[in-house]
Amino acid sequence: MAQSTVDCLRRFVLAAVFTGLAAHQASALTLKPWKDELFGYGTVVETADDGALRVVDYQEMRDINGRDQVPERRVKSAYVSTAVKKATQAVTVDTPAGKLDVAMTGKGEGAAFTVIFIHGRGGDRRLGNNDWTFGGNFNRLKNLAVQNGGVYYAPSVPSFDDAGAARISGLILRAKALSPDAPVILACASMGSFICARVVRDATAVKSLFGMVLMGGAADGDYAKTPGFKAKLPVYFTHGDSDKVYAANDQIAVFRKLRKAGIPTRFVLFQTGGHGTPVRMTDWRETLNFLLAR
């Protein structure tokens with residue numbers, strides 16, 4: 001009887017170990033390349049914080065005028081594949097806080113991963129769904145989602161206050177319910193960072209999040225007091241060093257607090273880049289692979 005009990009315990013422990021390994025393997029995704037030679041970062045001119053912070057060469061004449069057919073309006077066709085449009089649809093999502101208009105690309109259920117992009121002031125779901133603006137960077141994100149079995153949501157945020165954040169929290173919970181085993185990544189640009197700052201204060205939403213991207217966002221000086229910080233939610237920062245809206249140094253200070261606390265984090269600073277540079281220049285594949293690696 002004693003031997004039987006030991007065997008049962010051994011089987012139980014082994015089952016738990018293999019279950020944990022399977023869960024880790026399911027979450028530790030690596031996205032397949034897609035036009036990496038066009039969207040990957042260029043020359044790294046400086047590193048700091050043991051390589052976790054990189055200063056990347058950015059030049060407007062090359063990275064806007066040389067990349068776009070019509071500067072800031074239409075990227076050259078080499079950067080885009082419109083075949084992904086057949087996987088995109090406009091939907092209205094019901095959340096406990098109210099309805100939310102969303103552009104959705106990829107698998108509605110059973111997705112391998114979920115990315116939710118939050119636009120800044122004056123934007124809506126069309127901004128994060130536009131194939132031709134921002135150097136084709138959103139088209140790349142959509143293609144990465146479709147080709148790797150994921151789903152990408154670009155919602156129209158009705159406001160950047162608690163009410164708006166509550167709807168995004170509702171979208172996060174809905175995405176998690178539709179794809180329970182899929183990691184959910186929340187990406188916020190510019191004033192959209194106000195939404196990220198509120199969501200990481202929602203302990204329920206944080207439990208369904210796997211990582212966060214902040215692109216040219218406002219620094220959250222009290223981030224260390226949030227459930228997101230306590231959960232050691234990985235964060236990937238990108239910022240222009242000449243951003244006149246939200247100072248890069250303020251965001252670097254937050255990044256260093258996260259590093260000191262042992263939170264997985266990276267920072268890419270675009271040399272001479274302005275406020276809108278991160279939305280155009282963030283390498284989505286590298287960013288998502290970092291966040292999905294744990």
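## Close-up views of a predicted model

**Figure 1. Helix α4 (residues 137–147) is largely enclosed by the rest of the structure, because nine of its eleven residues are buried.** Buried means under 20% relative accessible area, exposed means over 50%, and partly exposed lies in between (1.4 Å probe, protein chains only). The buried residues of α4 are Asn137, Phe138, Asn139, Arg140, Leu141, Lys142, Asn143, Leu144 and Ala145. After α4 comes glycine 149, with a positive phi near 75°. Helices (H or I, at least four residues) and strands (E, at least two) are DSSP runs, numbered from the N terminus.

A word on reading these views: this is a predicted model, in which local features need pLDDT of at least 70 and side-chain atom pairs count only at pLDDT 80 or more, while totals for chains, interfaces and linings use all residues. Residues are numbered from 1 along each chain as its sequence is written, and side-chain values use heavy atoms, with hydrogens and water left out.

**Figure 2. The whole chain, to set the scene, has eleven helices and twelve strands.** Its C-alpha trace spans about 80 × 45 × 40 Å along the principal axes. Why does a radius of gyration of 20 Å agree with a compact globule? Because a compact globule with 294 residues would have a value near 19 Å. That rule is 2.2 Å times the number of residues to the power 0.38, with the radius taken over C-alpha atoms. Of the 294 residues, 49% count as buried. About 13,400 Å² of the chain is exposed, and carbon and sulfur atoms supply 53% of that area; accessible areas come from the Shrake-Rupley method with a 1.4 Å probe, and for residues only the protein chains shown count as cover.

**Figure 3. Ten strands build an open sheet with mixed pairing.** Follow them in the order β1-β2-β12-β11-β10-β9-β7-β8-β6-β5. At the edges are β1 (44–48) and β5 (88–95), each of which pairs on one side only. From one strand to the next, the twist averages 20°. Two strands pair if DSSP finds at least two bridges between them. Strands of a sheet pair through backbone hydrogen bonds, and they can do so either parallel or antiparallel.

**Figure 4. Here are a parallel pair and an antiparallel pair from the sheet.** Strand β9 (residues 184–189) runs parallel to β10 (residues 211–215), and five bridges join them. Look for isoleucine 185, which stands opposite glycine 211 in β10. The strands β1 and β2 run antiparallel and are joined by four bridges; valine 44 has valine 56 in β2 as its bridge partner. Four residues lie between the strands of this β1 and β2 hairpin, where aspartate 49 takes a positive phi near 55°.

**Figure 5. Helix α11 (284–292) lies across six strands of the sheet: β2, β7 (114–118), β9, β10, β11 and β12.** The helix runs at about 150° to β11. Axes are lines fitted to C-alpha atoms, for helices over the stretch in contact, and angles run from 0 to 180 degrees between N-to-C directions.

**Figure 6. Two threonines, 282 and 238, meet through their side chains in a polar contact of 2.9 Å.** A polar contact is a pair of N or O atoms within 3.5 Å; within protein, one must be able to donate a hydrogen and the other to accept it, and residues adjacent in sequence count only if both atoms are side-chain atoms. Threonine 282 sits in the loop between α10 (277–281) and α11, while threonine 238 lies in strand β11. Is threonine 282 buried or exposed? With a relative accessible area of 0%, threonine 282 is buried. Threonine 238 counts as buried too, at 1%. Contact means heavy atoms within 4.5 Å. Leaving aside neighbours within four places in sequence, threonine 282 is in contact with Tyr41, Asn137, Met215, Thr238, Phe270 and Thr287. On the same basis, the contacts of threonine 238 include Tyr41, Met215, Phe270 and Pro278.

**Figure 7. Serine 190 and threonine 272 both have a positive phi.** Most residues other than glycine have a negative phi. For serine 190, phi is near 55°; serine 190 is found in the loop between β9 and α6 (193–199). Its relative accessible area is 19%, so serine 190 is buried. Threonine 272 has a phi of about 70° and belongs to the loop between β12 and α10. At 49% relative accessible area, threonine 272 is partly exposed.
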